[in-house]
Amino acid sequence: MSDPIKRSGLKDRFWEHKTLEQLSQKEWEALCDGCGKCCLNKLEDEETGEVVLTNVACRLLDDDSCHCSQYPIRHQFVPECIVLKASNIAKNAYWMPQTCAYRLLFMGQSLPDWHPLISGDPETVHSSGASIRHCTVPEFEVGEDDWEYHIIEEPMP
């Protein structure tokens with residue numbers, strides 16, 4: 001079987017040779033590991049700025065695939081969903097998952113071995129334990145006042 005990265009038309013290890021600002025849209029999208037953690041509702045302490053994850057997922061998250069079920073038109077349903085770009089990553093990196101490729105590269109770190117761009121397999125994010133697959137509850141089942149009872153540690157492989 002041929003390498004899925006080569007079949008996608010992306011150059012091998014492109015992220016090591018370009019800045020985030022230099023990435024094409026296809027390269028930018030390929031950095032997403034599919035963990036789903038960015039789609040979890042978070043709580044931020046107003047005094048300290050500390051951000052914690054809950055297992056309460058955005059209503060559009062598919063808990064099986066860990067992808068947005070309406071990605072191309074998500075803003076029609078969730079207007080506050082952030083469109084992450086190189087131009088706004090500096091102000092958003094603090095709340096992003098610790099294992100997120102965008103955050104890691106922004107901070108000058110490497111991608112983990114389980115990242116699909118390294119492993120060649122989109123399932124490694126799940127088999128490594130880095131994703132939130134089958135660990136969420138939909139936000140329509142939990143009132144916002146009860147999110148504090150759903151705080152979780154970030155899944156880390």
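The points below comment on a predicted model, taking up its hairpin, its charged surface, its salt bridges and its backbone angles in turn.

1. The hairpin of β1 and β2. Strand β1 covers residues 40-44 and strand β2 covers residues 51-57, and the two pair in the antiparallel sense over 4 bridges. Within this pairing, Leu-40 stands opposite Ala-57 in β2. The hairpin has 6 residues between the strands, and in it Gly-49 takes a positive phi near 80 degrees. When you look at the strands, it may help to recall that in a regular strand the side chains alternate between the two faces of the sheet.

2. The negative patch. Which residues form the negative surface patch? Glu-44, Asp-45, Glu-46, Glu-47 and Glu-50 do so together. Glu-46, one of these residues, is found in the loop between β1 and β2, and this residue counts as exposed because its relative accessible area is 83%, where the cut-off for exposed is over 50%.

3. Lys-18 and Glu-27. The structure holds 5 salt bridges, and one of them joins Lys-18 to Glu-27, with the closest N and O atoms 2.9 Å apart. The two partners should be described separately, since Lys-18 is partly exposed at a relative accessible area of 34%, whereas Glu-27 counts as buried at 6% relative accessibility.

4. Lys-37 and Glu-154. Here too a salt bridge is formed, and its closest N and O atoms are 2.9 Å apart. Lys-37 lies in the loop between α2 (25-30) and β1, while Glu-154 lies in the segment after β6 (151-152), so the pair ties together parts that are 117 residues apart in sequence. Are these partners buried or exposed? Lys-37 is buried, with a relative accessible area of 0%, and Glu-154 also counts as buried, at 15% relative accessibility, because buried means under 20%.

5. Arg-133 and Glu-123. These residues form a salt bridge whose closest N and O atoms are 3.0 Å apart. The pair links distant parts of the chain, with Arg-133 in the loop between α7 (124-127) and β5 (137-138) and Glu-123 in the loop between α6 (116-119) and α7, 10 residues apart. Arg-133 is partly exposed, with a relative accessible area of 23%, and Glu-123 is likewise partly exposed, with a value of 38%.

6. Positive phi angles outside glycine. Most residues other than glycine have a negative phi, and for that reason the next two residues deserve a careful look. Arg-13, in the loop between α1 (4-7) and α2, has a phi near 55 degrees, which is a positive value in a residue other than glycine; Arg-13 is partly exposed, with a relative accessible area of 32%. His-134 has a positive phi near 60 degrees and is found in the loop between α7 and β5, the loop that also holds Arg-133. His-134 is exposed, with a relative accessible area of 55%.

7. Leu-105 in helix α5. Where is Leu-105 found? This leucine belongs to helix α5, which is made of residues 101-106, and Leu-105 counts as buried because its relative accessible area is 19%, the cut-off being under 20%. The C-alpha atoms of Leu-105 and Ser-87 are separated by 14 Å, and these two residues are 18 residues apart along the chain.

How values were computed. Residues are numbered from 1 along each chain as its sequence is written. This is a predicted model: local features need pLDDT of at least 70, side-chain atom pairs count only at pLDDT 80 or more; totals for chains, interfaces and linings use all residues. Side-chain values use heavy atoms; hydrogens and water are left out. Patches are made of residues with over 30% relative accessible area and no salt bridge: like charges are joined within 9 Å, nonpolar side chains (Val, Leu, Ile, Met, Phe, Trp, Tyr) within 5 Å. Accessible areas come from the Shrake-Rupley method with a 1.4 Å probe; for residues, only the protein chains shown count as cover. A salt bridge is a side-chain nitrogen of Lys or Arg within 4 Å of a carboxyl oxygen of Asp or Glu. Lys and Arg count as positive and Asp and Glu as negative; His and the chain ends are not counted. The place of a charge is taken as NZ of Lys, CZ of Arg, CG of Asp or CD of Glu. Buried means under 20% relative accessible area, exposed over 50%, partly exposed in between (1.4 Å probe, protein chains only). Two strands pair if DSSP finds at least two bridges between them.
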